[in-house]
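Thanks for coming. I will take this one piece by piece, starting with the cysteines. Please have the sequence and the structure in view.

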Amino acid sequence: MRPSSARVPLLIACVLLLASAGACCGPGKGYGKRRHPRKLAPLAYKQFSPNVAEKTLGASGRYEGKITRSSDRFKELTANYNPDIIFKDEENTGADRMMTQRCKDKLNSLAISVMNLWPGVRLRVTEGWDEDGHHSEESLHYEGRAVDITTSDRDRNKYAMLARLAVEAGFDWVYYESKGHIHCSVKSEHSAAAKTGGCFPGRAWVMLESGGRKAMRDLQAGDRVLVSKESKESRNLLYSEVLTFLDRDPMTRKLFYVISTEDGESLSLTAAHLLFVWEGNCTGEALSSEGTIRTIFASDASPGQCVLTVEGEKDGLLKERLSRISRLRIWEDSGAYAPLTAQGTLLVNGVMTSCYAAVEKHQLAHWVFGPLRMLHSWTGPSPVQGKGLHWYARALHWVGKVLLDSELVHPWAMEDTDR
């Protein structure tokens, strides 16, 4: 029996309140203090986080060219006059204070963490924007996207923890570079991670139960598509209805991460979208008990990781297998589509993906979208889908920004609901 139309809004309102309350009681930024603060592990000497090269997609991204005071891009830099930060400024030109807004935000956040952990100690910047050519070729210092830091007391025993605090503050790459300083850098203001949300392009395709493929731009709620369902014992492939779209914008153009595999699959998805990867032996064979599946943001994917793909067997059945990522690149494409299925999964361009974005944990996202899936189990798939972010996703995005740890949420999701 379907609920009356008057009961549905009340049900959704109650669930949102429960979700908010649950988040407050969890490890996020709920009301009151945490009972069990998470212990931070200092970085080791010469360690960098994330564990990829600085100018790669999973870190601060590629070099975009030197910024000079006479260039048009100089207006992208802003001066940091935070009194809680000491700027060495050896050149006496104020250059070390110049940085991108993203770098400034992360640095200011780090300054607060330093004072909280070590009362009376301030953050110190020894190198910021470089306009004199003192760094190596293609250094991010030339773009105002990198800083070298110490503490004001220059106590080198603090630097390992200072590096960890920088990671926690949201720097996109942190390197315990030398005994004398920590190097930190951020993504470009134009980067895919800062400008895109969680979607697939219009040309991406799904596999239909009726046979053949269908482009995202032509996909409709009610279409039955190939998904994966996981239980405690096994994972099974099945066909399931598209319930609605969490985001849908046929006219937009976005930057997509293009993930290519050794077996020829090529999947395009935005930076904050979740991707399943295999932790364990990756031989290209079927999934075994010698490994586990976890989700990562597309922007954190790297060559060598294994994704879940689907292949046909001689008897016509389909099965999941592993395929190693061979290449990553960024590509601008048209359309933005994020279908939702009852299982929270979807095969796109031959690769099994999550339906969710922004929050790194697939199971957490699947849980909070449970009420929306339940609603559609009563009312059926949405016959009409408007343009833009679904109202439920928008509401949960706001709740997540307020209540969740920033480490669980993609940087895009912490900044703008319309990206």
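Let me start at Cys-184, which is buried, with a relative accessible area of 0%. Cys-355 is buried too, at 3%. Do keep in mind that what you are looking at is a predicted model.

How many disulfides are there? The count comes to zero. Cys-184 is in no disulfide, and its nearest cysteine sulfur, that of Cys-103, is 8.1 Å away. A disulfide would need the two sulfur atoms within 2.5 Å, so that pair does not qualify.

Now the overall picture. The protein has 419 residues, and 52% of them count as buried. It contains seven helices and 20 strands. If you take the contacts with a separation of 6 or more, 66% of them come from residues 24 or more positions apart. The accessible surface is about 20100 Å², and carbon and sulfur atoms hold 51% of that.

Next, how far to trust the coordinates. The mean pLDDT is 81, and 78% of the residues reach 70 or more. Residues 1-36 stay under 50, and for them the model has 35 contacts beyond four places in sequence. Another stretch below 50 is residues 404-408, with 18 contacts beyond near neighbours in sequence. Where pLDDT is low, the predicted coordinates should not be read in detail. I will leave those two stretches there.

On to a helix. Please find H3, residues 159-169. Is H3 mostly covered or mostly open? The answer is mostly covered, since ten of its eleven residues are buried. Among the buried ones are Tyr-159, Met-161, Leu-162, Arg-164, Leu-165 and Val-167. Note that an arginine, Arg-164, is in that list.

What covers the buried residues of H3? The cover includes helix H2, residues 101-117, and several strands. Those strands include S1 at 48-49, S5 at 123-127 and S6 at 146-151. S7 at 173-178 and S8 at 181-185 belong to the cover as well. After H3 comes Gly-170, which has a positive phi, near 105 degrees.

Now a strand. S14 covers residues 273-280, and six of its eight residues are buried. Which strands does S14 pair with? One partner is S15, residues 291-297, which runs antiparallel to S14 and is joined to it by seven bridges. Within that pairing, Gly-280 has Gly-291 as its bridge partner.

S19, residues 351-357, is also antiparallel to S14, with two bridges. There, Leu-275 is partnered by Thr-353. S16, residues 306-312, pairs with S14 over two bridges, again in the antiparallel sense. In S16, Cys-306 stands opposite Trp-278.

That leaves the charged side chains. Side chains of opposite charge can pair when their charged atoms come close. How many salt bridges does the model have? The count is 15. I will show three of them.

The first to look at is Lys-158 with Asp-153, at 2.7 Å from N to O. Lys-158 counts as buried, at 14% relative accessibility. Asp-153 counts as partly exposed, at 36%.

Then there is Asp-223 with Lys-214, at 2.9 Å from N to O. Here the acid, Asp-223, is buried at 17%. The base, Lys-214, is partly exposed at 21%. The cut-off for buried is under 20%, so Asp-223 falls inside it, and Lys-214 does not.

The last of the three takes us back to S14. Arg-294 and Glu-279 meet in a salt bridge, at 2.5 Å from N to O. Why mention the strands again? Arg-294 lies in S15 and Glu-279 in S14, so the pair ties together parts that are 15 residues apart in sequence. Arg-294 is partly exposed at 34%, and Glu-279 is partly exposed at 40%.

Beyond pairs, there is also a network. Arg-73, Glu-76, Glu-143 and Arg-145 are joined into one network by salt bridges that share partners.

To recap, we have a predicted model with no disulfides and 15 salt bridges. H3 and S14 are both mostly covered. Residues 1-36 are a stretch to leave alone when reading details, with pLDDT under 50. That is what I have.

Key: Residues are numbered from 1 along each chain as its sequence is written. This is a predicted model: local features need pLDDT of at least 70, side-chain atom pairs count only at pLDDT 80 or more; totals for chains, interfaces and linings use all residues. Side-chain values use heavy atoms; hydrogens and water are left out. pLDDT is the predictor's confidence in each residue, from 0 to 100. Contact means heavy atoms within 4.5 Å. Buried means under 20% relative accessible area, exposed over 50%, partly exposed in between (1.4 Å probe, protein chains only). Helices (H or I, at least four residues) and strands (E, at least two) are DSSP runs, numbered from the N terminus. Two strands pair if DSSP finds at least two bridges between them. A salt bridge is a side-chain nitrogen of Lys or Arg within 4 Å of a carboxyl oxygen of Asp or Glu. Accessible areas come from the Shrake-Rupley method with a 1.4 Å probe; for residues, only the protein chains shown count as cover.
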